[in-house]
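These are my notebook entries on a two-chain model, written down in the order in which I looked things up. I wanted to see how each chain is built before turning to the places where parts of the model meet.

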Amino acid sequence: MTNHWLRDQISRVEDLLRQETQELALRLLPSLDPEVVRQTQQRTGLSFLGPVLFELLAAERAHIESRRQHLESLPEFGRSVSESQRLAQTELRRIREHQAALVPLIRECHGHPRFAHLLKLGYGTGRYATPFWRLSFYADRKAATELCQRTGKKNFAALLRDYEAAIDSYETLNGRLDDLRSGPPPPRLEWEQRGRQLEELAASQLLTLQTRLQLALLKGGPIWTNLEKSTLEAELARLVQSTGLLRDQLEELRSQRGGS
Amino acid sequence: MAGRVVLKEAFEAQGYRIVENYPLALEGVEVELDGYDPDARVGYEYLTEEDGIEPGPLDFLMRQNYCHLFLIDESQVKDAPTMLAAVFEFFRTIECDD
């Protein structure tokens with residue numbers, strides 16, 4: 001037997017077993033009716049289907065309901081989703097306009113080839129220490145004069161003050177933009193989403209439990225002994241038997257692979 | 001939380017011995033994984049903002065074949081069967097590569 005052949009066989013039986021276990025899980029647990037869950041727990045012995053299950057399911061529902069109540073208490077909740085979105089758009093526009101007003105000064109400064117150098121040396125502040133006997137002193141002064149002329153500032157200290165304020169404001173506005181873009185959705189929108197989540201909760205909880213039941217069947221162990229000992233309807237008993245045979249077949253194939 | 005339970009059970013049903021919150025230190029990458037089988041070098045990680053794990057280093061480990069990690073990088077998973085179908089596909093891929 002080639003490894004390739006064995007691998008194909010394993011894949012084929014795995015697929016069949018996954019289908020069968022899914023079918024068996026749906027048959028064993030068709031609903032979250034307490035009587036159905038109790039019977040399935042008895043038949044399978046699975047601890048997650050025990051009485052505590054209903055407390056957990058109720059807690060999940062309560063968590064969503066409590067979040068909805070919190071959202072209802074927010075002042076913005078009174079606004080419709082479209083109103084919240086319109087306000088957010090207005091705020092975005094306002095921030096962009098403020099930023100646009102800061103851009104000319106920043107652009108003039110950054111566009112001058114010596115501005116970064118002046119900033120580094122602390123030109124216009126007490127930190128500037130280049131002595132007058134150096135050519136660079138005069139080159140700095142010329143550059144500072146040019147910058148003041150271009151930006152209409154009285155002197156370089158004033159330019160520096162306005163430049164730093166513009167940079168600070170620009171960054172603050174950027175932060176506000178990020179908050180607006182990545183912030184939580186409007187309360188009303190989240191409230192509606194949570195409402196849909198509540199409506200779908202029972203179905204989603206059932207699907208999760210059926211999936212866990214399927215996985216327990218795939219994993220093997222005491223669940224199979226429990227099922228074989230249980231009194232099952234004829235059709236269900238046949239399904240358990242055929243699924244069990246597939247499981248044995250898969251184990252055999254896997255052990256062959258392990259030994260090859 | 002239900003998602004993590006289903007993931008662990010899915011990996012265990014496939015025969016992996018999952019250690020939860022496993023501190024992986026491999027090829028300079030140090031990260032606490034939601035679940036990992038150190039012998040098989042197979043595991044999973046829910047990428048959330050809270051745990052602050054970036055996918056880049058984990059992608060690197062996968063590309064170099066140092067380990068096999070299933071990364072959940074979607075904030076909304078439709079339901080448990082949808083996730084399980086993806087996990088089964090993942091198993092098929094990594095086990096065919098072996």
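Entry 1, strand pairing. Before reading any sheet, I fixed the criterion that two strands pair if DSSP finds at least two bridges between them. I also noted that this is a predicted model. With that criterion in hand I went to chain B and found that β3(B) and strand β4 (residues 68–72) pair in the parallel sense over five bridges. Within this pairing, B:Glu45 stands opposite B:Leu71 in β4(B). I then looked at the other neighbour, strand β2 (residues 29–37) of chain B, which runs antiparallel to β3(B) and is joined to β3(B) by three bridges. Here I picked out B:Gly35, whose bridge partner in β3(B) is B:Tyr44. The hairpin of β2(B) and β3(B) has four residues between the strands, and in this hairpin I noted B:Arg41, which takes a positive phi near 55°.

Entry 2, burial of the strand. How many residues of β3(B) are buried? I found that strand β3 (residues 42–46) of chain B is mostly covered, with five of its five residues buried. I checked the two faces separately and found both covered, with B:Val42, B:Tyr44 and B:Tyr46 buried on one side, and B:Gly43 and B:Glu45 buried on the other. B:Glu45, the residue that I had listed opposite B:Leu71, is thus among the buried residues of β3(B).

Entry 3, the two chains in outline. For chain B I recorded three helices and four strands, which follow one another from the N terminus as α-β-β-β-α-β-α. For chain A I recorded 10 helices and zero strands, so that my reading of the order from the N terminus is α-α-α-α-α-α-α-α-α-α. Buried residues make up 17% of the 260 residues in chain A, while in chain B they make up 31% of 98 residues. I also looked up how far along the sequence the contacts reach, taking those with a separation of 6 or more: residues 24 or more positions apart account for 75% of such contacts in chain A and for 46% in chain B.

Entry 4, helix packing in chain A. I took two helix pairs here, and for each I wrote down the angle between the axes and the distance between the axes, since two packed helices are described by these.

The pair that I took up to begin with was helix α1 (residues 3–28) and helix α8 (residues 187–219) of chain A, which pack at an angle of about 130° with their axes 8 Å apart. The two helices are therefore oblique to each other, and their crossing is right-handed. On the α1(A) side the residues that meet α8(A) include A:Leu17, A:Thr21 and A:Leu28, and on the α8(A) side they include A:Gln210, A:Leu213 and A:Leu218. By class I sorted the residues of this contact into eight nonpolar, four polar and no charged.

The other pair was helix α4 (residues 81–111) and helix α7 (residues 156–182) of chain A, whose axes come within 9 Å and cross at roughly 150°. That angle makes α4(A) roughly antiparallel to α7(A), as the limit for this class is over 145 degrees. The crossing of α4(A) past α7(A) is left-handed. Among the residues that meet here are A:Glu91, A:His98 and A:Cys109 in α4(A), and A:Asp162, A:Tyr170 and A:Arg176 in α7(A). This contact has 14 nonpolar, three polar and three charged residues.

Entry 5, one arginine. Is A:Arg61 partly exposed or buried? I placed A:Arg61 in helix α3 (residues 52–73) of chain A, and with 15 C-beta neighbours inside 10 Å this residue counts as partly exposed. Leaving out residues up to four places away in sequence, I found that A:Arg61 touches A:Leu198 and A:Leu201. A:Leu198 lies 137 residues from A:Arg61 along the chain, yet their C-alpha atoms are separated by 6.9 Å.

Entry 6, where the chains meet. The contact takes 13 residues from chain B and 11 residues from chain A. On the chain B side, the elements that give two or more residues are α1 (2–13) and α3 (80–97). By class, that side has nine nonpolar, no polar and four charged residues.

Methods: Residues numbered from 1 in each chain as written. Chains lettered and ligands numbered in written order. Predicted model: local features only at pLDDT ≥ 70, side-chain atom pairs only at ≥ 80, totals over all residues. Contact = placed C-beta atoms within 7 Å. Nonpolar A, V, L, I, M, F, W, Y, C, P; charged D, E, K, R; others polar. Buried ≥ 20, exposed ≤ 12 C-beta atoms within 10 Å, placed from the backbone. Axes fitted to C-alpha atoms, helices over the stretch in contact; angles between N-to-C directions. Parallel < 35°, antiparallel > 145°, perpendicular 65-115°, else oblique. Left-handed = near helix turned anticlockwise from the far one by under 90°.
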